[in-house]
Amino acid sequence: MALPPTDLRLPARRLTRDDRVEPVEEVVAAEVPVALIYNGLSYAVMMASPADLKDFALGFSLTEGLADAPSDLTVEAVTGDEERGVEVRMALRGAQFSQMLQKVRNITGRTGCGICGTSDLDTLHGRKRRAPKPIEVELVAIRRALHDLDGMQDIRSRTGAVHAAAWADREGRIRLVREDVGRHNALDKLVGALARAGIDAGQGICVITSRCSFEMVQKTAAAGIPVLVAISAPTTLAIDTAKAAGVTLVAFARRDAMTAYTDFSPLLPVKVEA
């Protein structure tokens, strides 16, 4: 059965400044429940955009620590319809599946929720973190990626309602972009796409169009990406997590200026003014 579309044209009414009502047709982003099912067991239901779901399944599994490598997981089927949503059925290797059974994450993950279903604070803060190997990146490369990303967001160009996560190499050339109504979903999709393509995520940067919260840094670190660039603001926990994980965190990123919240020595050239 075909998956739901990523967006729909819906009738609406526009209220103008001079108090007129105009009938219009708007393109609206789809938000559907996506059930992630491992070895027949439903682990989480996430609200997401119904696109790139194999990437999403793999990326979610890697950043959540359910799988250590792409070879640990096989996506067996992606099925759905416009009324019920989507099911992604996966086979998880025995040792990883046994570890998964020790976790509890069985409530619906809302669109803006990257850690919904985590049962306690010890589980949350005890997640494994990979320390990415630092790389040097010129600021001109970040500016190039920011400039090019504007024209590479297909769903946003139609709806204005989704987030994007992109991976660019050290020269700022964007190699992959993934979009979703949930910012963390977009990042999971990107991580999965990188793994499926066999790209060394540690040799580039991640650019996100959303605010930078704790789970965005955590997923970036889990993927081994050393630099995270956010167009919007970070949170205090995101900054603390980036420092602990060895991720260079840049936010409020624009082509003319950006703010570094961690060690900015990998960003070149930087002139420190007294």
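**Burial, cores and cysteines in the predicted model**

Threonine 248 lies in strand E13, which spans residues 248–251. The model is a predicted one. Threonine 248 is buried, at a relative accessible area of 7%. Leaving aside residues up to four places away in sequence, threonine 248 touches Pro226, Val227 and Leu228. Its other contacts under that restriction are Thr262, Asp263, Pro266 and Leu267.

The protein chain holds eight helices and 15 strands. Of its 274 residues, 51% are buried. Among contacts with a separation of 6 or more, 52% join residues 24 or more positions apart. The accessible surface of the chain comes to about 13,300 Å². Carbon and sulfur atoms account for 50% of that surface.

In soluble globular proteins, nonpolar side chains tend to be buried together. Here, the largest nonpolar core has 51 residues. Val34, Leu36, Tyr38, Phe60 and Cys212 have the most contacts inside it. Domain 1 (32–125) and domain 2 (139–260) each supply at least three residues to this core. Another core, of 20 residues, lies apart from it. Ile135, Leu146, Ala166 and Val227 are among the members of that second set. Val227 is also one of the residues touched by threonine 248.

The surroundings of valine 34 illustrate the packing of the 51-residue core. Beyond residues up to four places away in sequence, valine 34 touches Ala44, Val45, Met46, Ala48 and Leu53. Phe56, Val86 and Val88 are also among its contacts.

Helix H4 covers residues 139–149. Its buried residues are Leu139, Ala141, Ile142, Ala145, Leu146 and Leu149. Seen down the helix axis, they fall within an arc of 160 degrees, so they line one face of H4. An α-helix has 3.6 residues a turn, so residues three or four places apart point the same way. The cover over the buried residues of H4 includes strands E8 (137–138), E9 (163–169) and E10 (174–180). Strands E11 (204–208), E12 (227–230) and E15 (267–268) also contribute to that cover. Leu146, buried in H4, belongs to the 20-residue core.

A search of the whole structure finds zero disulfides. Cysteine 206 is in no disulfide, and the nearest cysteine sulfur, that of cysteine 212, is 8.9 Å away. A disulfide requires sulfur atoms within 2.5 Å, so this pair does not qualify. Cysteine 206 counts as buried, at 0% relative accessibility. Cysteine 212 is likewise in no disulfide. Cysteine 212 also counts as buried, at 0% relative accessibility.

Definitions and conventions:
Residues numbered from 1 in each chain as written. Predicted model: local features only at pLDDT ≥ 70, side-chain atom pairs only at ≥ 80, totals over all residues. Heavy atoms only, no water. Helix = DSSP H or I, 4+ residues; strand = E, 2+ residues; numbered from the N terminus. Buried < 20%, exposed > 50% of the residue type's maximum accessible area, 1.4 Å probe, protein only. Contact = heavy atoms within 4.5 Å. Core = buried A, V, L, I, M, F, W, Y, C linked by side-chain atoms within 4.5 Å. Domains from an automatic or database assignment. Arc of directions from axis to C-beta. Areas by Shrake-Rupley, 256 points an atom, 1.4 Å probe, with all protein chains shown as cover.
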